[in-house]
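Here's a quick walk through one model, written for someone who likes to check contacts by hand. Have a look at the structure first, and then we'll go through it piece by piece.

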Amino acid sequence: MKDVELYQHLLGLKSPWRVERVDLDVKTRRVTVVAAHAKDASFVCPECSSACPLHDHDEERSWRHLDSCQFETHLRARIPRVRCEQHGVRQARVPWAEPKSRFTLLFERFAIDVLLETDVLGATRLLGISWDQAHHIMERAVGRGLARRSEGRLRHVGVDEKAIAKRHRYATLLNDLKRGVVLEVAEGRRKESLQECLASVPAEQLAQVEAFAMDMWQPYFQTICGAVENGASKIVHDRFHIVSHMNKALDIVRRRETRELVEEGDRLLVGTKHQFLFAAERLDEDVRQRFVRMRHAGFKTARAWSIKELLRGLWDCPSKRAALEWWSRWCFWATHSRLSPVIKVARMIERHLPNVMSYFAHRITNAASEAINSVVRGLQKRACGFRSFSNFRTAVLFRCGGLELYPAT
Ligand SMILES: [Zn+2]
């Protein structure tokens, strides 16, 4: 088989396109495949698909293709332009690439696979493309995916905020909790941020949402109430966010007490931060026993830890009624704990109690958002921050959007 025929097969070129020439440059390790079409070929208008007469050709262009035995391979051709009665002179579509792309469909597919498996920097090295090119491929993939997203039923939605950089920069994430995918990402954590996210969901789909899981954050609460009919009854302040507030309070108590003890020359609590953040069932038995002894000995941190652990039981109550009883006992204990950070959190939950108890009507948590969060954290770590918010959004939707990313082949 001659190399021309070989590449004809490898590229899957069909009539009227054929491989005209293959040039091999051993020095630069490069294969250039030149494609051309039959003289009498006819093409269609890219807008209306009607057959049109050939007008002329654009200048020769080049597309990066999959390597041939580690030789960088480029396809070159002049794209025909057609003259449509309705749309004027237009560039015809070529079967091997999407309009404006500098890569063939097969290369783009492969690049998407590589980008899903590794970080952008790793992908640029493996593929021999620039950082900007890699990002462009991701952007196009996300654009395709969003355009194709089906408007299936959306039942449970999570609203989550994410710190995306130091100095208090945030992003708002809208998640489909059932599929565990990100629907949209917007900058900030203001009303407008969530409004922007909601605007990406078709109105009929939004109206079908049964419940929104979110933190006790007024701008989000107001936005949902304004955008969704009976919004207030659909909001659930979920256990992950509530327990995380309690964990923060616990840590403030621990830091204060550690300082007090260190001043007295006691280093018992130094370096215990992570132990106290663990849930009781995940602690080693000896550490748990130590906490119990500390509590009996009157340590504030151990007391705060017990209060936090007890709070988690709220969501195990069999009914709303049982949960309300549980709540009043817990709230009494917490507000009489003489631990001001704990009291503050207890009061905050109390203010939002109807939307904490709505859990028992909807039974949703933001667990799926937590999983998404850890993927996003990984993305941030590997990217060492993002140059722009739009790059962050692209990376999140590329990895966590559950989108159909590949170009149609
Ligand atoms: Zn047309």
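Leaving aside its neighbours within four places in sequence, which residues is Glu108 in contact with? This is a predicted model, so take what follows as a reading of computed coordinates. The partners of Glu108 are Ser101, Phe103, Ile137, Arg140, Arg144 and Pro407.

**Around Glu108**

Glu108 sits in helix 2, and with a relative accessibility of 0% it counts as buried, because the cut-off for that is under 20%. Its side chain has a polar contact of 2.9 Å with the side chain of Ser101. There's also a long-range pairing to look at: Tyr406 is 298 residues away from Glu108 along the chain, yet their C-alpha atoms are separated by 7.6 Å.

**Helix 4**

Ile137, Arg140 and Arg144, which are among the contacts of Glu108, also belong to the buried residues of helix 4. The other buried residues there are Ala134, His135, Met138, Ala141, Val142 and Gly145. Helix 4 covers residues 131–148, so 18 residues, and runs 26 Å from its first C-alpha to its last, close to the 26 Å expected at 1.5 Å a residue. What do its buried residues pack against? They pack against helix 2 (105–117), helix 3 (120–127) and helix 18.

His135 is a handy residue to click on. It is in helix 4 and is buried at 4% relative accessibility. Not counting residues up to four places away in sequence, His135 touches Asn391 and Thr394.

**The sheet and helix 18**

Helix 18 (residues 389–400) turns up again on an open sheet of five strands: it packs there, touching strand 8, strand 9 and strand 10. The direction of helix 18 makes about 175° with that of strand 10. The strand order in the sheet is 10-9-8-11-12, and the pairing is mixed. Why do strand 10 and strand 12 each have one side without a neighbour in the sheet? Strand 10 (181–187) and strand 12 (235–237) stand at the edges, and each has a single partner strand, so one side is left without a neighbour. On average, neighbouring strands of the sheet are turned by 25° against each other, ignoring direction.

Further in, strand 8 (residues 156–165) and strand 11 (residues 211–214) pair in the parallel sense over three bridges. Across that pairing, His156 has Ala211 in strand 11 as its bridge partner.

**Asn175**

His156 is also one of the residues that Asn175 touches. Asn175 is in strand 9 (residues 169–176), and at 0% relative accessibility it is buried. Its side chain makes a polar contact of 2.9 Å with the side chain of Ser369. Outside the residues up to four places away in sequence, the contacts of Asn175 include Val157, Gly158, Asp160, Val181, Val182, Leu183 and Ile372.

**Cysteines**

How many disulfides does a search of the whole structure find? Zero. For Cys317, the nearest cysteine sulfur is that of Cys331, 14 Å away.

Here are relative accessibilities for some of the buried residues, cysteines included:

| Residue | Relative accessibility |
|---|---|
| Cys84 | 4% |
| Cys317 | 6% |
| His135 | 4% |
| Glu108 | 0% |
| Asn175 | 0% |

Definitions and conventions: Residues numbered from 1 in each chain as written. Predicted model: local features only at pLDDT ≥ 70, side-chain atom pairs only at ≥ 80, totals over all residues. Heavy atoms only, no water. Helix = DSSP H or I, 4+ residues; strand = E, 2+ residues; numbered from the N terminus. Buried < 20%, exposed > 50% of the residue type's maximum accessible area, 1.4 Å probe, protein only. Polar contact = N/O pair within 3.5 Å; in protein donor to acceptor, adjacent residues only side chain to side chain. Contact = heavy atoms within 4.5 Å. Disulfide = S-S within 2.5 Å. Pairing = 2+ DSSP bridges. Axes fitted to C-alpha atoms, helices over the stretch in contact; angles between N-to-C directions.
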